[in-house]
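Hi everyone, thanks for making time. I'd like to walk you through one structure today, so let me put it on the screen.

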Amino acid sequence: MKLAANLSWLYTEFDFPDRLHACAQDGFRHAECMFPYDYPAELLRDKALEAGVQWVLINAPAGDWTKGDRGLACSPARRDEFRHSIERAVNCATVLGVRKVHVLAGVLNSSEGQSAQAAWDCYEENLLWLAGTMSAEPIDWLIEPINHFDVPGYLLSRQAEAHELLIRLNKPNLGVQMDLYHCLRTEGEVLKALSDYLPTGRVKHMQLAGVPNRDEPGAEVYAPVCAHLKMLGYNGHMGCEYRPKAGTRDGLGWIRSTGFSGTMESFET
């Protein structure tokens with residue numbers, strides 16, 4: 001298991017490209033982010049190389065975030081936009097050396113008369129198109145259940161839904177991004193969920209944050225989680241996608257208190 005700093009949420013006291021050096025100074029050797037598209041991918045690649053940090057995950061473009069878009073995949077009216085977003089994600093991932101891309105499902109827009117069934121049908125069709133069209137790319141395309149407290153109306157909210165969908169689609173380049181914060185907020189029984197889903201091999205990336213405020217992970221919840229992950233033999237990445245209460249560095253003590261310090265090359269805070 002390897003911790004990855006989510007640079008959309010952490011080190012925001014620095015300009016985005018400079019966050020790579022900042023996280024490296026604290027022992028992170030892996031990084032992820034939501035949307036890197038405001039910067040040339042070559043710049044972010046070079047900054048990572050200079051810092052000794054490997055990019056491991058990005059999101060595909062998800063529409064206009066400021067206007068409430070949270071993904072394009074479930075919208076029948078935006079199929080072309082969805083396909084362009086995937087092409088853009090591939091180009092960026094190729095430059096950065098990223099092998100995992102999160103594809104946000106989107107919010108069910110009932111105000112426009114969109115039925116839940118139409119949204120699910122579109123979502124499945126788009127994922128099948130994606131898996132087939134991009135089968136030659138060395139990328140795992142990930143779907144993530146997101147809780148309805150943070151994103152009301154998000155189409156995919158439960159772990160079982162994600163896994164049932166992937167079983168049905170049966171495509172090797174599709175996987176689940178299991179965010180433990182969202183799982184805890186929606187379902188609660190995170191240790192059981194880990195036992196149920198990690199052995200399937202469908203979970204290809206994980207993330208965490210404190211509950212319920214999405215701040216630093218607390219030892220009461222995450223020390224047992226860390227021990228359970230080690231017992232299950234999870235050896236992938238764990239993205240730190242949380243909102244620091246103060247500066248990022250002031251809050252990094254959680255890494256030691258929860259037992260995650262052994263998943264970094266160094267940690268001295």
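Here's something to start with: which residues of helix 4 are buried? Keep in mind as you look that this is a predicted model. The buried ones are Ala119, Trp120, Cys122, Tyr123, Glu124, Asn126, Leu127, Trp129, Leu130 and Ala131. Among the elements that cover them are helix 3 (79–96), strand 5 (140–143), helix 5 (159–169) and strand 6 (174–179).

Now a quick check on the geometry of helix 4. Its 18 residues, 116–133, should span 26 Å at 1.5 Å a residue, and the end C-alpha atoms are indeed 26 Å apart, so the two values agree.

Let's move to the strands. Eight of them form a closed barrel in the order 1-2-3-4-5-6-7-8, with parallel pairing. From one strand to the next, the twist averages 30°. Take strand 6 and strand 7 (residues 203–208): they run parallel and are joined by four bridges. One residue to click on is Asp179, whose bridge partner in strand 7 is Gln207. Helix 5 packs on this sheet, where it touches strand 5, strand 6 and strand 7, and its direction makes about 170° with that of strand 6.

Last stop, a histidine. His182 sits in helix 6, residues 180–186. Is His182 buried or exposed? Its relative accessible area is 4%, so His182 counts as buried, the cut-off being under 20%. The His182 side chain makes a polar contact with the side chain of Asn147, at 2.8 Å. Beyond its neighbours within four places in sequence, His182 is in contact with Glu144, Pro145, Ile146, Asn147, Asp150 and Arg214.

That's my tour, and I'm happy to rotate the view for anyone.

Notes: Residues numbered from 1 in each chain as written. Predicted model: local features only at pLDDT ≥ 70, side-chain atom pairs only at ≥ 80, totals over all residues. Heavy atoms only, no water. Helix = DSSP H or I, 4+ residues; strand = E, 2+ residues; numbered from the N terminus. Buried < 20%, exposed > 50% of the residue type's maximum accessible area, 1.4 Å probe, protein only. Polar contact = N/O pair within 3.5 Å; in protein donor to acceptor, adjacent residues only side chain to side chain. Contact = heavy atoms within 4.5 Å. Expected span 1.5 Å × (residues − 1). Pairing = 2+ DSSP bridges. Axes fitted to C-alpha atoms, helices over the stretch in contact; angles between N-to-C directions.
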